[in-house]
Amino acid sequence: MIVEKIRKTIADSLKNLGIEVGEITLEHPADLEHGDFSTNAALVYAKEARMKPRDLAERIVHIIHNSKFILH
């Protein structure tokens, strides 16, 4: 299922940064201009990563963009 693939990709990105990962929460944003899914993972794991949430979110995005993440 697509949701599980997205969760796994985010979790793998965090693990790549050396962060122990628990549950990754995905939601549908109220405003669809903000995308199909959203997560608070950067907020949840920022302290453990010793990073600002925004910086962690940008690192996650960078890792995903550089991976071969393709949805079928």
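Start by selecting Glu-58, which counts as partly exposed at 43% relative accessibility; buried means under 20% relative accessible area, exposed over 50%, and partly exposed in between (1.4 Å probe, protein chains only). This is a predicted model, where local features need pLDDT of at least 70 and side-chain atom pairs count only at pLDDT 80 or more, while totals for chains, interfaces and linings use all residues. Residues are numbered from 1 along each chain as its sequence is written, and side-chain values use heavy atoms, with hydrogens and water left out.

**Stop 1: a salt bridge on α3**

Add Arg-54 to the selection. The side chains of Glu-58 and Arg-54 meet in a salt bridge at 3.1 Å, N to O; the term stands for a side-chain nitrogen of Lys or Arg within 4 Å of a carboxyl oxygen of Asp or Glu. The two residues are four apart in helix α3, so about one helical turn separates them. Helices (H or I, at least four residues) and strands (E, at least two) are DSSP runs, numbered from the N terminus. Arg-54 is exposed, at 62% relative accessibility.

**Stop 2: the two sides of α3**

Now show the whole of α3 (53–66). Its 14 residues should span 20 Å at 1.5 Å a residue, and the end C-alpha atoms are indeed 20 Å apart; the expected span is 1.5 Å times one less than the number of residues. Which residues of α3 are buried? They are Leu-56, Ile-60, Ile-63 and Ile-64. Look down the helix axis: these buried residues fall within an arc of 95°, so they line one face of α3. The arc is taken from the directions from the helix axis to the C-beta atoms. Rotate to the other side of α3, and Arg-54, His-65 and Asn-66 are exposed. The buried residues of α3 pack against α1 and α2.

Before leaving this helix, select Pro-53, which lies in α3 and is partly exposed at 32% relative accessibility. Draw a C-alpha to C-alpha distance from Pro-53 to Ala-42: the two are 11 residues apart in sequence and 5.0 Å apart in space. Leaving aside neighbours within four places in sequence, Pro-53 is in contact with Ala-42, Leu-43 and Ala-46, where contact means heavy atoms within 4.5 Å.

**Stop 3: across to α1**

Move to α1, which has 15 residues and reaches 21 Å from its first C-alpha to its last, close to the 21 Å expected at 1.5 Å a residue. Its buried residues are Val-3, Ile-6, Thr-9, Ile-10, Ala-11, Ser-13 and Leu-14. The buried residues of α1 pack against β1 (26–27), β2 (38–39), α2 and α3.

Two polar residues here are worth a click. Ser-13 is in α1 and is buried, with a relative accessible area of 2%. Not counting residues up to four places away in sequence, Ser-13 touches Ile-60, Ile-63 and Ile-64. Thr-9 is also in α1, and is buried at 14% relative accessible area. What does the side chain of Thr-9 reach? The answer is the backbone oxygen of Lys-5, at 2.8 Å.

Follow the chain past the end of the helix: α1 is followed by Gly-18, whose phi is positive, near 80°.

**Stop 4: charged pairs on α1**

How many salt bridges does the structure hold? There are four. In α1, select Glu-4 and Arg-7, which lie three residues apart, about one turn of the helix. Their side chains meet in a salt bridge of 2.7 Å, N to O, and Glu-4 is partly exposed at 45% relative accessibility. Next come Lys-8 and Asp-12, four residues apart in α1, about one turn of the helix. These side chains form a salt bridge of 2.8 Å, N to O, and Asp-12 is partly exposed with a relative accessible area of 35%.

**Stop 5: the nonpolar core**

Finish inside. The largest nonpolar core has 15 residues, and those with the most contacts inside it are Ile-10, Leu-14, Ile-24, Ala-41, Tyr-45 and Leu-56. A nonpolar core is a set of buried Ala, Val, Leu, Ile, Met, Phe, Trp, Tyr and Cys residues joined through side-chain atoms within 4.5 Å. Colour α1 (2–16), α2 (41–49) and α3 (53–66): each supplies at least two residues of this core. The largest share, five residues, comes from α1. Centre the view on Ile-10 last: leaving aside its neighbours within four places in sequence, Ile-10 is in contact with Ile-24, Leu-26, Thr-39, Ala-41 and Ile-64.

Conventions: Polar contact = N/O pair within 3.5 Å; in protein donor to acceptor, adjacent residues only side chain to side chain.
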